[in-house]
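Please keep the structure open while reading these notes. They take up a pocket and a sheet, point by point.

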Amino acid sequence: MSLTGLPNILHDIQSRTSWQQRCQYLLIVEKWADIVGESVAKQTCPIGVYQKSLQVAVSSPVWSQALTFERVRLLAKINKLLGSANNLAIADIHFSTAKWATHQQTLQQSKVITADHPSYLPAITTDTITKNAKGHQKRQVPKPPETASEAFQRWQEVMKLRTNQMPKCPRCDRPALIGEISRWQMCRVCAIEHLFN
């Protein structure tokens, strides 16, 4: 058995119809609000490309009917976006209310609220705010560090700021993450020692 180089493997994967359809779908999802407009994008969502047909979930039958009348115009916009050299041009669009509820449920489940996670750290800004002669505020972003020592110093300053903002663990009085305190009523070190042993 001979070994195949990575460029050959990638070329083989990228030349597959399923890969090209997936790339098309991702581009359509990314540009959907530009294609249909912001208000329509809130009521619709592309859910896949199957056999050159774009499947779109819509929130109500009224939207489905209205968009069916706009199908030809939307097809032209989509195919222009995908490029004329593309041999996998979208041939049709199907609007359906059937998958709207399922899709919305999936979106709700996939949304992770960062602040709810036990390891969440609030953002620390190292920008400085200055006022000009007219009293307007201007944010100045510091230039990148030039040496490893300078980078370490900045990191140390940020860690001190962050540590000062953290609540103290009731057991050991060390700085702890807010999520750890709310979940275990103590920091993770104390939780490991007291709860998990």
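1. How do the residues of the lining of the largest pocket divide into nonpolar, polar and charged? This is a predicted model, and in it the lining has 8 nonpolar, 1 polar and 4 charged residues.

2. The largest pocket holds about 200 Å³ of space. Its lining is made up of 13 residues, and those nearest the centre are Met166, Pro175, Ala176, Glu180 and Arg188. Two elements, α7 (148-165) and α9 (188-194), give two or more residues to this lining. The most comes from α7, with 3 residues.

3. Turn next to the sheet. It is open, has 3 strands in the order β1-β2-β3, and its pairing is mixed. Strands β1 (44-50) and β3 are at the edges with a single partner strand each, so each has one side without a neighbour in the sheet. From one strand to the next, the twist averages 25 degrees.

4. Two helices pack on this sheet. Helix α2 (residues 17-36) touches β1 and β2, and its direction makes about 155 degrees with that of β1. Helix α4 (residues 61-69) touches β1, β2 and β3, and makes about 165 degrees with the direction of β3.

5. Look at how β3 is joined to its partner. Strand β2 (residues 53-58) runs parallel to β3, and 5 bridges join the two. Leu54 has Ile93 as its bridge partner in β3.

6. In a regular strand, side chains alternate between the two faces of the sheet. Strand β3 (residues 92-96) shows this alternation: Ile93 and Phe95 are buried and point to one face, whereas Asp92, His94 and Ser96 point to the other and are not buried.

Technical notes: Residues are numbered from 1 along each chain as its sequence is written. This is a predicted model: local features need pLDDT of at least 70, side-chain atom pairs count only at pLDDT 80 or more; totals for chains, interfaces and linings use all residues. Side-chain values use heavy atoms; hydrogens and water are left out. Buried means under 20% relative accessible area, exposed over 50%, partly exposed in between (1.4 Å probe, protein chains only). Helices (H or I, at least four residues) and strands (E, at least two) are DSSP runs, numbered from the N terminus. Two strands pair if DSSP finds at least two bridges between them. On a 1 Å grid over the protein atoms alone, a cavity is a set of points where a 1.4 Å probe fits but cannot get out, and a pocket is an open set with protein on both sides within 12 Å along at least five of seven lines; lining residues have an atom within 4 Å of a point. Grid points are joined across faces, edges and corners, and a volume is the space filled by probe spheres set on the points. Ala, Val, Leu, Ile, Met, Phe, Trp, Tyr, Cys and Pro count as nonpolar, Asp, Glu, Lys and Arg as charged, and the others, Gly among them, as polar. Axes are lines fitted to C-alpha atoms, for helices over the stretch in contact, and angles run from 0 to 180 degrees between N-to-C directions. Contact means heavy atoms within 4.5 Å.
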